[in-house]
Amino acid sequence: MKKIAVILSGSGVFDGAEIHESVLALHAVEKAGASWRCFAPNVEQLHVVNHLTGEATEESRNVLVEAARIARGNIEDVAKLNVDDFDALLVPGGFGAAKNLTDFAINGAECSINADVAAACRAFKDADKPAGYLCIAPVIINGLPGVSERHNR
C-alpha cells in the first residue's frame, strides 16, 4: 500500500489549511487505496482569523494543534517527517501555506520557508518522489532553489 505524507498549515481557509481541499485530498488518497499521515510545523500561526467575519482576532493558536482538527489527531510535527517512510508528498492549500508554512503573505517573492517544511520538500525532490502542491501551496516550491524545476509542473 502506498503511503502519502501530507503537510497541513493549520485549519481554516483564511489562516490555515483549506478544510474542504484537505479533507477531499485525504479522501482521494484513501479512495486510491493508499494511506496518509499528516504533519504540520509546531509553531504559532501568523494570526487567527474569525471565519465568520473575516477579521483577524487577538487569539494565538498553534499550527500543529489546529491541523490536528483536520487530521483527527493522526498528525506529527513536520520535523519528524522521514521521506523514507513515504511514497509521495501532498501539500493542500489555504492561506496557511502563505502565512504559516512560509511568509509569502507578507514578503511575496522574497519569502522564507519554515525550515522543517523546506527540508521535507527538498527530501522528496532529492529522493525523486512525487509531490503535489495544491492551490496556493506552490509558493513553497517556488522559494526552494532546485525544487521548482522538478516538481512545479
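In this predicted model, a good place to start is valine 117, which touches Ile7, Pro41, Val78, Leu101 and Ile140 when residues up to four places away in sequence are not counted. Valine 117 is also one of the residues with the most contacts inside the largest nonpolar core, alongside Ile7, Leu81, Leu89, Val91, Tyr133 and Ile140. That core has 23 residues. At least two of its residues come from each of S1, S4, helix H5 (115-126), S5 and helix H6 (138-142). H5 gives the largest share, 5 residues. Another core, of 19 residues, lies apart from this one and includes Cys38, Ala40, Val63 and Ile70.

The strands mentioned above belong to an open sheet. Its 5 strands follow the order S3-S2-S1-S4-S5, and their pairing is parallel. Strand S3 (75-77) and strand S5 (131-133) are the edge strands, each pairing on one side only. On average, neighbouring strands of the sheet are turned by 25 degrees against each other, direction ignored. Helix H2 (residues 63-71) packs on the sheet, where it touches S2 and S3, and the direction of H2 makes about 160 degrees with that of S3.

Strand S1 (residues 3-7) is a convenient point from which to read the pairing in detail. S1 is mostly covered, with 4 of its 5 residues buried. Towards strand S2 (residues 35-40), S1 pairs in the parallel sense over 5 bridges, and within this pairing valine 6 stands opposite cysteine 38. Towards strand S4 (residues 88-91), the pairing of S1 is again parallel, this time over 3 bridges, with alanine 5 opposite leucine 89. As a general point, side chains in a regular strand alternate between the two faces of the sheet. S2 in turn is joined to S3 by 3 bridges, and these two strands run parallel. Here phenylalanine 39 has glutamate 76 of S3 as its bridge partner. The connection from S1 to S2 can be followed as well: S1, helix H1 (residues 19-31) and S2 make a right-handed β-α-β unit.

For readers who work with cysteines, a search of the whole structure finds 0 disulfides. Cysteine 38 cannot be bonded in this model because its sulfur is 14 Å from the closest cysteine sulfur, in cysteine 121, which is too far for a bond. Cysteine 38 is also buried, with a relative accessible area of 0%. Cysteine 135 is likewise in no disulfide, and the nearest cysteine sulfur, that of cysteine 111, is 15 Å away. Unlike the buried cysteine 38, cysteine 135 is exposed, with a relative accessible area of 61%.

Cysteine 135 is also of interest for its backbone. This residue is found in the loop between S5 and H6, and its phi is near 60 degrees, a positive value in a residue other than glycine. Aspartate 128 offers a second case, with phi near 55 degrees. Aspartate 128 lies in the loop between H5 and S5 and counts as partly exposed at 48% relative accessibility. These values catch the eye because most residues other than glycine have a negative phi.

The loop between S2 and H2 can be described through two of its residues. Valine 43 has its place there and counts as partly exposed, at 28% relative accessibility. With residues up to four places away in sequence not counted, valine 43 touches Arg61, Asn62, Val63, Asn100 and Asn114. The C-alpha atoms of valine 43 and alanine 88, which are 45 residues apart along the chain, are separated by 24 Å. Glutamate 44 is found in this loop too, and it is partly exposed, with a relative accessible area of 46%. Leaving aside neighbours within four places in sequence, glutamate 44 is in contact with Ser60, Arg61, Asn62 and Val63. Between glutamate 44 and serine 60, 16 residues apart along the chain, the C-alpha separation is 6.9 Å.

Note on methods. Residues numbered from 1 in each chain as written. Predicted model: local features only at pLDDT ≥ 70, side-chain atom pairs only at ≥ 80, totals over all residues. Heavy atoms only, no water. Buried < 20%, exposed > 50% of the residue type's maximum accessible area, 1.4 Å probe, protein only. Pairing = 2+ DSSP bridges. Right-handed = clockwise from strand over helix to strand, strands pointing away. Axes fitted to C-alpha atoms, helices over the stretch in contact; angles between N-to-C directions. Contact = heavy atoms within 4.5 Å. Core = buried A, V, L, I, M, F, W, Y, C linked by side-chain atoms within 4.5 Å. Disulfide = S-S within 2.5 Å.
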